[in-house]
Amino acid sequence: MAKLKVGILISGRGSNMAALIKAAQAADYPAEIACIVSNKADAAGLEIAADAGIPTATVSHRSYPDRESFDRDVSAALGKHGVELVVMAGFMRIFSPWFPQHWAGRLINIHPSLLPSFRGVHVQQQALDAGVRISGCTVHFVIPDLDAGPIIAQAAVPVLAGDTADTLTARILRQEHRLYPQVVRWIGEGRVGASGNGGKVAVEGVPPGATLLFSDEP
Ligand code: GRF
């Protein structure tokens with residue numbers, strides 16, 4: 001069967017992108033990474049992608065008078081590679097409504113909190129400030145409202161006494177690298193769809209509870 005063509009949007013380090021590239025190297029992985037698009041020419045992830053032989057493009061938001069014209073060019077860059085699923089991985093631009101509407105149901109993001117708690121930025125610090133005992137990450141479909149789209153899967157980590165934003169961020173990131181490739185696999189296998197249950201996402205044919213990962217570290 002043809003593999004799902006995935007385009008990844010980055011702005012920086014690209015560790016989630018690297019985890020997806022690695023996963024997609026397995027022969028039985030149902031998705032291939034067709035291209036990487038960055039809004040920053042100096043994003044470290046671009047070099048990782050180029051080293052892996054994946055086409056890259058930079059679309060600098062600074063060259064555009066408004067968000068929608070930037071969004072349309074990002075979309076065109078993805079379109080050149082036949083992208084079917086857009087995966088945001090540390091992409092630090094807020095879209096105009098046009099982009100998530102155009103890619104509706106084909107655009108996902110990973111966010112380093114258990115949504116709907118802690119939207120926006122500095123979310124690990126928000127979690128620490130709130131005194132929560134569990135945090136984690138969420139993969140969700142993207143809609144025009146920020147960090148608000150239907151949840152596909154989550155991974156949970158403990159918040160430990162003495163945690164700083166850095167230690168919590170690192171613990172969550174290790175789970176991001178497990179969760180994101182798993183979700184893209186499910187999408188590539190055609191298992192992920194709206195359930196008709198209030199817009200909630202159903203993942204077909206996976207064991208009950210499989211869309212919630214738990215950290216296996218203390
Ligand atoms: C991750 O923490 C992700 O959850 C957030 O941005 C960060 C990107 O890190 N959306 P990386 O570029 O994938 O290393």
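Trainee: Is V139 buried or exposed?

Mentor: Burial is read from relative accessible area, and a residue counts as buried under 20%. V139 has 0% relative accessibility, so it is classed as buried. Keep in mind that this is a predicted model.

Trainee: In which element is V139 found?

Mentor: V139 belongs to strand β6, which covers residues 134-141.

Trainee: Which residues is V139 in contact with, leaving aside its neighbours within four places in sequence?

Mentor: A contact means heavy atoms within 4.5 Å. On that basis V139 touches I108, N109 and I110, then I151, I152 and A153, and also L179, Y180 and V183. Take L179 from that list: 40 residues separate V139 and L179 along the chain, and their C-alpha atoms are 7.8 Å apart.

Trainee: What would be a case with the opposite label, and is Q101 buried or exposed?

Mentor: The label "exposed" calls for a relative accessible area over 50%. Q101 has 53%, so it is exposed. Q101 sits in helix α4, residues 98-102. For a distance, pair Q101 with E32: they are 69 residues apart in the chain, with 24 Å between their C-alpha atoms.

Trainee: What share of the 218 residues is buried?

Mentor: Buried residues account for 47% of the chain. The exposed surface of the chain comes to about 10,600 Å², and 54% of that is supplied by carbon and sulfur atoms.

Trainee: How many helices and strands does the chain have?

Mentor: There are 6 helices and 10 strands. The radius of gyration is 17 Å, close to the 17 Å given by the globule rule for 218 residues, so the chain is as compact as a globular protein of that length. Along the principal axes, the C-alpha atoms fill a box of roughly 45 × 40 × 35 Å.

Trainee: What part of the contacts with a separation of 6 or more comes from residues 24 or more positions apart?

Mentor: For this chain the figure is 64%.

Trainee: Into which domains is the chain divided?

Mentor: Domain 1 spans 1-103 and domain 2 spans 109-218. Their C-alpha centres lie 20 Å apart. The contact between them takes 20 residues from domain 1 and 16 residues from domain 2. By these bounds, Q101 falls in domain 1 and V139 in domain 2.

Trainee: How many positive and negative side chains are there, and how far apart are the centres of the two sets?

Mentor: The count is 19 positive and 20 negative side chains, and the two centres lie 2 Å apart.

How values were computed. Residues are numbered from 1 along each chain as its sequence is written. This is a predicted model: local features need pLDDT of at least 70, side-chain atom pairs count only at pLDDT 80 or more; totals for chains, interfaces and linings use all residues. Side-chain values use heavy atoms; hydrogens and water are left out. Helices (H or I, at least four residues) and strands (E, at least two) are DSSP runs, numbered from the N terminus. The radius of gyration is taken over C-alpha atoms; the globule rule is 2.2 Å times the number of residues to the power 0.38. Buried means under 20% relative accessible area, exposed over 50%, partly exposed in between (1.4 Å probe, protein chains only). Accessible areas come from the Shrake-Rupley method with a 1.4 Å probe; for residues, only the protein chains shown count as cover. Lys and Arg count as positive and Asp and Glu as negative; His and the chain ends are not counted. The place of a charge is taken as NZ of Lys, CZ of Arg, CG of Asp or CD of Glu. Domain bounds come from an automatic or database domain assignment.
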